[in-house]
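Me: I have a model open and would like to understand the words used for it. Could you take me through them?

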Amino acid sequence: MPTTALAILNRPSLAAPAHREGAPDFELVDVDAPQVRVLDLGVTRGDGVFETISVGDGHPQALAAHIRRFAKSAAALDMPEPDPVVWEAAVRAAADALDPAHETYVKTVMTRGLEGDGRPTGWAYASHAPDHMRARTEGIRVVRLDRGYRHDVAQTSPWLLAGSKTLSYAVNRAVLREAARRDADDVVFVSSDGYLLEGSTSSLLLRFGDRLVTPGLDLGILPGTTQGDLFAFAETQGLSTEYALLGADELLEADAAWLVSSVRHAAPIRSVDGIARPVDSDFSAAVNSYLISRTE
Ligand code: PLP
């Protein structure tokens with residue numbers, strides 16, 4: 001069996017016509033064969049939305065939350081609503097088509113399709129996951145980078161789509177190259193008025209004593225499915241959880257900090273702008289074993 005698989009959706013949204021009348025809802029196709037047209041707006045404009053869902057021992061994790069967020073991102077782009085039933089089935093089918101492995105993932109993509117056509121393009125791509133063990137155990141070095149937007153950008157300028165998971169992720173990739181130039185592995189975005197936001201593809205979590213804190217979800221950042229599940233887990237461990245407005249320097253004052261996301265799960269932060277920070281290895285290990293073993 002393969003290490004990658006691909007399901008192409010015939011009708012990604014019930015609000016738009018099917019690509020092929022009477023064809024199945026989705027089909028598993030050859031990953032290496034051409035599937036997307038060169039004038040697809042997802043390709044030419046980054047005009048579309050996506051999700052990346054971790055799969056543990058064959059179980060897609062936080063799938064309902066991912067599909068809800070997929071729909072929220074689509075709504076922010078005035079795209080037709082993704083059909084949750086067909087997307088869930090396509091995710092499971094793509095995941096099941098892989099050679100069984102402990103950690104895999106599925107990426108769902110829905111683009112606006114060809115200009116003027118009105119039918120979104122949709123696919124679910126599944127793959128074995130890269131090995132993130134080092135980041136989870138040894139930790140990662142981050143640098144704080146100004147995102148250039150105020151903390152209230154989502155309220156003042158919703159057209160900037162802050163907090164939506166769009167295909168326009170060139171900036172999220174560029175900052176990783178900037179991090180590498182600064183001898184770091186990842187970034188923590190800071191608003192132009194000095195508040196902690198999120199990582200390039202992750203949510204930020206700080207621990208102060210027995211309080212676990214994450215930047216508030218009204219800051220134009222993505223509401224993390226991992227952060228959501230992790231808060232529920234932390235509460236079972238006797239920690240309190242909180243959404244807050246955090247100043248940039250609170251990252252240097254926390255007892256421990258993590259970047260958390262699907263697939264990589266919880267990566268403890270071991271340095272900030274070259275300054276060493278304490279890593280909470282026990283909690284990191286407990287959190288990661290919880291995240292990896294989720295069955296839904
Ligand atoms: N913030 C951003 C900008 C992201 O791209 C992601 C995930 O890719 C996250 C946060 C974390 O979200 P999740 O935990 O649902 O993977």
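**Core and ligand, term by term**

Reply: Happily! Let's begin with one residue: Ala124 is in contact with Ala5, Leu6, Ala7, Leu9, Ala90, Val91, Ala94, Val106, Lys107 and Thr108, leaving aside its neighbours within four places in sequence. Contact means heavy atoms within 4.5 Å. This is a predicted model, where local features need pLDDT of at least 70, side-chain atom pairs count only at pLDDT 80 or more, and totals for chains, interfaces and linings use all residues. Residues are numbered from 1 along each chain as its sequence is written, and side-chain values use heavy atoms, with hydrogens and water left out.

Me: What makes the set of 24 residues a nonpolar core?

Reply: The term stands for buried Ala, Val, Leu, Ile, Met, Phe, Trp, Tyr and Cys residues joined through side-chain atoms within 4.5 Å, buried being under 20% relative accessible area (1.4 Å probe, protein chains only). Val49, Met79, Trp87, Val106, Met110, Ala124 and Ala126 have the most contacts inside this largest core.

Me: Which residues belong to the other core?

Reply: That core, of 20 residues, lies apart from the largest one and includes Leu204, Val213, Ala244 and Ala257.

Me: Why is the pairing of the ligand with Glu198 called a polar contact?

Reply: A nitrogen atom of the ligand is 2.8 Å from an N or O atom in the Glu198 side chain. A polar contact is a pair of N or O atoms within 3.5 Å, so this pair qualifies. An oxygen atom of the ligand likewise lies 2.7 Å from an N or O atom in the side chain of Thr225.

Notes
Buried means under 20% relative accessible area, exposed over 50%, partly exposed in between (1.4 Å probe, protein chains only). A polar contact is a pair of N or O atoms within 3.5 Å; within protein, one must be able to donate a hydrogen and the other to accept it, and residues adjacent in sequence count only if both atoms are side-chain atoms.
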